[in-house]
Amino acid sequence: MHLKPLTGGAGQYDGLLQLIGNARFVLLGEASHGTHEFYVERAEITKRLILEKGCMAVAVEADWPDAWRVNRYVRGQSQDRNASAALSGFKRFPAWMWRNTVVRDFVEWLHEHNRGLPGSQQVGLYGIDLYSLFASIEAVLAYLDVADPQAAARARSRYACFDHYDRDSQAYGYASSYGLKPSCEDEVIQQLREMNCRLAETTPLPGMESDEAFFAQQNARLVCNAEEYYRTMFHGHISSWNLRDSHMVETLQALERHMKGHGISPRIAVWAHNSHLGDAAATEMGARGEWSVGQLARQHWGSDTVLLGFSSYRGSVTAATQWEASAQRRRVRDGLPGSYEALFHETGLPRFWLWLRGNAALREGLAEPRLQRAIGVIYQPQTERQSHYFHTHLADQFDAVIHIDETRALEPLERDAGWIHGEVPETFPSGL
């Protein structure tokens, strides 16, 4: 029997953990950014990776500065009173991705797990995304103001290139990409070089001081990559997508080096969307020239990487109707005929996991590509096929898949009337 039912018991993932073995990078996806069960199961697997496999870091599809605040909290290094306060830095749309009840509870668990442990044994939480251009500039300057005021003055002079954009990253990207104003490319590269030299030439620092220097250096690198990202985003989706996923993998590589430098085994759990963590070479994405974190991780770390995806057939999801709109609790249509979601629904099992790596029988049965659903922060059921489905070869895309047939919406920490009452039923007002 290839399908392993999930019964909810404490040992339901024993077999999965055994197959993961000693892999140092376990990439845990999600088929939407707003499904409760995806977040819950991902958190439960990560807890077991921490307790049983020596996982020492959780890297998430989130901004580096906001996640660092959470990292300080889980290590007992912040003034935040609780996990909700530590997560309050996540203000940018879509805040519910990280300000939700599941992440809050996981962060609190991680805080308790680390309590009383020496720093070298504490598990950290890190962001790997690159949207935080201006927040990262502020973080670099704040660090240098204390560590080296003269270096801070040089950095402030370089970053002044962005002063005309009123913290609007897209306005900078538009103006620089179309030649309306000079780009800040040279300035951010110069600053990154200085930060890299500074770290290389500095006597190794103890504990949290070293972590703060690493935090600042990565912010400088993020500013450099984000500048390029926003400058290219108006010239094609593929280029900006590839820059973003390359940045995520560069961050994982930097985190691995940092951990090794402190004698910490670099075992890392990664949380992001299926579209990032699956191998793009096995999907339509790869056919059009896009790559992904999962693909690059396999190329760099080989069998030390395990890619795990999620799927569901029906239920509800927390998503917006358009960018920057408020979070809504929305119905998810049943999986389309011919999709993996429909195939898994036909098994009649409400929840199961499926190991794909090295499974010759399954590879033969799943040889033909099928549709796979992907819901991000926006859900457009009126254009379901065009907006949320693409063809994939599942056995090459992931090493394992978890299917939960019916799922419910992720619960944000801040819920307005639109989320509390949910979507108006399709039968309204007739009731039929």
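Strand 3 and strand 5 (residues 268-271) run parallel to each other and are held in register by four bridges. In this predicted model, one of the residues that can be followed across that pairing is Val 58, whose bridge partner in strand 5 is Ala 269. Strand 3 also has a partnership with strand 4 (residues 124-129), again in the parallel sense, this time over five bridges. Val 58 turns up here too, standing opposite Leu 125 of strand 4. As for cover, strand 3 spans residues 57-63, and seven of its seven residues are buried. Strands of a sheet pair through backbone hydrogen bonds, either parallel or antiparallel.

Strand 6 (residues 305-311) tells a similar story about cover, with seven of its seven residues buried. Both faces of the strand are shut off from solvent: Thr 305, Leu 307, Gly 309 and Ser 311 are buried on one side, and Val 306, Leu 308 and Phe 310 are buried on the other. Strand 6 pairs in the parallel sense with strand 2 (residues 25-28), over four bridges, and Leu 28 sits opposite Leu 308 in that pairing. Strand 12 (residues 400-404) runs parallel to strand 6 as well, and four bridges join the two. Leu 308 serves as a handy landmark here, with Ala 400 as its bridge partner in strand 12.

Phe 38 belongs to helix 2, which covers residues 36-53. The cut-off for burial is under 20% relative accessible area, so Phe 38, at 1% relative accessibility, counts as buried. Leaving aside residues up to four places away in sequence, Phe 38 touches Glu 30, Ala 31 and Ser 32, along with Phe 310, Ser 311, Ser 312 and Thr 407. Two of these contacts, Phe 310 and Ser 311, lead back to strand 6. Ser 311 is 273 residues away from Phe 38 in sequence, yet their C-alpha atoms are 8.4 Å apart in space.

Then there is an open sheet of three strands, in the order 8-7-13 and with mixed pairing. Its edges are strand 8 (328-332) and strand 13 (406-407), each of which pairs on one side only. Strand 7 (residues 314-319) and strand 13 are parallel and share two bridges. In one of these, Arg 314 has Glu 406 of strand 13 as its bridge partner.

Stepping back to the chain as a whole, the count comes to 19 helices and 13 strands. Of the 432 residues, 56% count as buried. A compact globule with 432 residues would have a radius of gyration near 22 Å, and the chain agrees with that because its own value is 22 Å. Along the principal axes, the C-alpha atoms fill a box of roughly 65 × 50 × 40 Å. Among contacts between residues at least 6 apart in sequence, 76% join residues at least 24 apart.

On the outside, the accessible surface adds up to about 18,400 Å², and carbon and sulfur atoms account for 51% of that. As for charge, the chain carries 43 positive and 53 negative side chains, and the centres of the two sets lie 2 Å apart.

Terms used
Residues are numbered from 1 along each chain as its sequence is written. This is a predicted model: local features need pLDDT of at least 70, side-chain atom pairs count only at pLDDT 80 or more; totals for chains, interfaces and linings use all residues. Side-chain values use heavy atoms; hydrogens and water are left out. Buried means under 20% relative accessible area, exposed over 50%, partly exposed in between (1.4 Å probe, protein chains only). Two strands pair if DSSP finds at least two bridges between them. The radius of gyration is taken over C-alpha atoms; the globule rule is 2.2 Å times the number of residues to the power 0.38. Contact means heavy atoms within 4.5 Å. Accessible areas come from the Shrake-Rupley method with a 1.4 Å probe; for residues, only the protein chains shown count as cover. Lys and Arg count as positive and Asp and Glu as negative; His and the chain ends are not counted. The place of a charge is taken as NZ of Lys, CZ of Arg, CG of Asp or CD of Glu.
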